[in-house]
Amino acid sequence: MALASTVKVVLGSIAFAIFWVLAVFPAVPFLPVGRTAGSLLGGMLMVIFQVITADQAYDAIDLQILGLLFGTMVVSVYLERADMFKYLGKLLSWKSRGAKDLICRVCLISAISSAFFTNDTSCVVLTEFVLKIARQHNLPPHPFLLALASSANIGSSATPIGNPKTWL
């Protein structure tokens, strides 16, 4: 495989730098477009700068994964509208003995749900719920979000269907 020309490397680096700034700092004062628009802009610049062809860009998009994530977000919105998270929050907080107990319960819910579904689905669906629980108990959300992500990965690796396996 031949190396790309210097011009393509420079233009590709510029497109990536623009994407990176918009992804890491979504509220850039001079360009408040957000992460999603920043990702689209970075991809468009790669095609416009002819770093990759339009066919290569289209081939890089995994429509099945995008469909899965969109579907889980739709399900998450419907669960929120049905007050499922309110009831799950009450159940999770019932007889809680503090922050450590609550974080253990979040880990347990996350691990069990990711064993039945995928870890992406568990994280997408449970993130808003975990943020509400932390807010209700006046606790910092970061440890709860880390617990959610970590236990989702652990739970999904416990079953053959929960996590993609490269050795199967």
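**A walk through an all-helix chain**

Reading from the N terminus, the elements of this chain go α-α-α-α-α-α-α-α. That makes 8 helices and 0 strands, where helices (H or I, at least four residues) and strands (E, at least two) are DSSP runs numbered from the N terminus. Keep in mind that this is a predicted model, in which local features need pLDDT of at least 70 and side-chain atom pairs count only at pLDDT 80 or more, while totals for chains, interfaces and linings use all residues. Residues are numbered from 1 along each chain as its sequence is written, and side-chain values use heavy atoms, with hydrogens and water left out.

Let's begin with the chain as a whole. Of its 168 residues, 24% are buried; buried means under 20% relative accessible area, exposed means over 50%, and partly exposed is in between, with a 1.4 Å probe and protein chains only. Now take the contacts (heavy atoms within 4.5 Å) with a separation of 6 or more: 55% of them join residues 24 or more positions apart.

Next, the inside. The largest nonpolar core holds 13 residues, and Leu-92, Leu-102, Val-106, Phe-129, Val-130 and Phe-144 have the most contacts within it. Such a core is a set of buried Ala, Val, Leu, Ile, Met, Phe, Trp, Tyr and Cys residues joined through side-chain atoms within 4.5 Å. H5, H6, H7 and helix H8 (141-157) each give two or more residues to this core, and H7 gives the most, with 6 residues.

H6 is a good helix to follow from here. Its 18 residues should span 26 Å at 1.5 Å a residue, and its end C-alpha atoms are 26 Å apart, so the two agree; the expected span is 1.5 Å times one less than the number of residues. Leu-102, Val-106, Ser-110, Ser-113, Ser-114 and Ala-115 are buried in H6. An α-helix has 3.6 residues a turn, so residues three or four places apart point the same way. The buried residues of H6 pack against H5, H7 and H8. Zoom in on Leu-102 and, leaving aside residues up to four places away in sequence, you'll find it touching Leu-92, Ser-93, Ser-96, Ile-133, His-137, Leu-139 and Phe-144.

For a contrast, look at His-142 in helix H8. With 59% relative accessibility, His-142 counts as exposed. Its C-alpha is 8.9 Å from that of Leu-131, 11 residues away in sequence.

Now for the pockets. On a 1 Å grid over the protein atoms alone, a pocket is an open set of points with protein on both sides within 12 Å along at least five of seven lines, and lining residues have an atom within 4 Å of a point. The largest one has about 360 Å³ of space, a volume being the space filled by probe spheres set on the points, which are joined across faces, edges and corners. Among its 13 lining residues, Ser-39, Leu-40, Gly-43, Met-44 and Ile-61 lie nearest the centre. Helix H2 (34-48) and helix H3 (54-59) each supply two or more lining residues, with H2 giving the most, 8 residues. The lining has 9 nonpolar, 4 polar and no charged residues; Ala, Val, Leu, Ile, Met, Phe, Trp, Tyr, Cys and Pro count as nonpolar, Asp, Glu, Lys and Arg as charged, and the others, Gly among them, as polar.

The second largest pocket has a volume of about 220 Å³. Its lining includes Val-75, Met-84, Ile-109, Ser-113 and Phe-117, and H7 gives the most to that lining, with 4 residues.

Note on methods: 1 Å grid on protein atoms, 1.4 Å probe; cavity = no way out; pocket = protein on both sides within 12 Å on 5 of 7 lines; lining within 4 Å.
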